[in-house]
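Please open the structure in your viewer and keep the selection panel at hand. The tour below moves from one selection to the next and says what is to be found at each stop.

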Amino acid sequence: MKELGLQELLRYALSGGVGIAALRIIYPQSACLLSRAGGEVTLLLGAILVGGSLIYNLHRSVLFPPIFRWIGRKTLLPNQSLHVGCWWKPSRDEIALDRWRWKLADREGSRWGEWGAQTHFLYCAAWATLLALIVGLFKWGWPGCRGIWGILAAISLLCVGFVNNYRLLYSMNAERELEATEKKVSLDSK
């Protein structure tokens, strides 16, 4: 089995851990349920990884494409319209951004990958917190002020995720434009 690096931990494991922690904090009565699973460390780690992976994959396939396109309209092509198409199909602009990033050398590309992993972790932590609220709501009912704090935490994580995502896409686009300008200048000077 491959060792999990920072990016994989951020994407898959930590959001599952956040979901379980949120469930425990918002619904203290979940302690008995979690302690039964916690007695078997392998089971708890497996639940964290599976839960985190499910949250991440749901985020990437359903929730993130509209977020990306909304932020991309402001950052990638601020003076043009971002070609959107169907929500489940990547647009030409998304594919162009991915192709540019994948062509970068490992060291240059890894900083974008790490930043992206941090951004996705923020989103997934928000979804995990909301999911903990929903699961607890069906099992134990409304948790009172703890529920309000859980909702505020999830909204805060989403807002921070939006800001981080905006900054990431803005920086990537600025770097792409700088490279294009430098390439044009070097071709013009020849």
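A residue is called buried when its relative accessible area is under 20%, exposed when that area is over 50%, and partly exposed in between. The model on screen is a predicted one, and the tour starts with a residue to which this scale applies.

Select Glu175, which is found in helix H6. Its relative accessible area is 25%, a value between the two cut-offs, and Glu175 is therefore partly exposed. If the neighbours within four places in sequence are left aside, Glu175 is in contact with Trp100, Arg111 and Trp112.

Next, show helix H4 (residues 92-103) together with helix H6 (residues 145-189), whose axes lie 11 Å apart and make an angle of about 70°. Because angles of 65 to 115 degrees count as roughly perpendicular, H4 and H6 are described as roughly perpendicular to each other. To display the contact itself, select Ala96, Leu97, Trp100 and Arg101 on H4, and on H6 select Leu169, Met172, Glu175, Arg176 and Glu179. The residues of this contact between H4 and H6 comprise five nonpolar and four charged ones, with no polar residue.

Now turn to H3 and H6, whose axes come within 9 Å and cross at roughly 55°, which makes H3 oblique to H6. The crossing in which H3 passes H6 is right-handed. On the H3 side, select Phe64, Ile67, Phe68, Ile71, Gly72, Lys74 and Thr75, which meet Phe162, Asn165, Tyr166, Leu169, Tyr170 and Asn173 of H6. Sorted by character, the residues of the contact of H3 with H6 are eight nonpolar, four polar and one charged.

Which residues have the most contacts inside the largest nonpolar core? They are Leu97, Trp112 and Tyr123, in a core of 21 residues. At least two residues of this core come from each of helix H3 (41-75), H4, helix H5 (106-140) and H6, and H5 gives the most, with seven residues. Apart from this core lies another, of six residues, which include Leu23, Ile26, Ala132 and Leu133.

As a last stop, centre the view on Tyr123. With neighbours within four places in sequence left aside, Tyr123 is in contact with His59, Phe64, Ile67, Ile71, Leu158, Gly161, Phe162 and Asn165. Of these partners, Phe64, Ile67 and Ile71 of H3 and Phe162 and Asn165 of H6 also belong to the contact between H3 and H6.

Methods
Residues numbered from 1 in each chain as written. Predicted model: local features only at pLDDT ≥ 70, side-chain atom pairs only at ≥ 80, totals over all residues. Heavy atoms only, no water. Axes fitted to C-alpha atoms, helices over the stretch in contact; angles between N-to-C directions. Helix = DSSP H or I, 4+ residues; strand = E, 2+ residues; numbered from the N terminus. Parallel < 35°, antiparallel > 145°, perpendicular 65-115°, else oblique. Contact = heavy atoms within 4.5 Å. Nonpolar A, V, L, I, M, F, W, Y, C, P; charged D, E, K, R; others polar. Core = buried A, V, L, I, M, F, W, Y, C linked by side-chain atoms within 4.5 Å. Buried < 20%, exposed > 50% of the residue type's maximum accessible area, 1.4 Å probe, protein only. Left-handed = near helix turned anticlockwise from the far one by under 90°.
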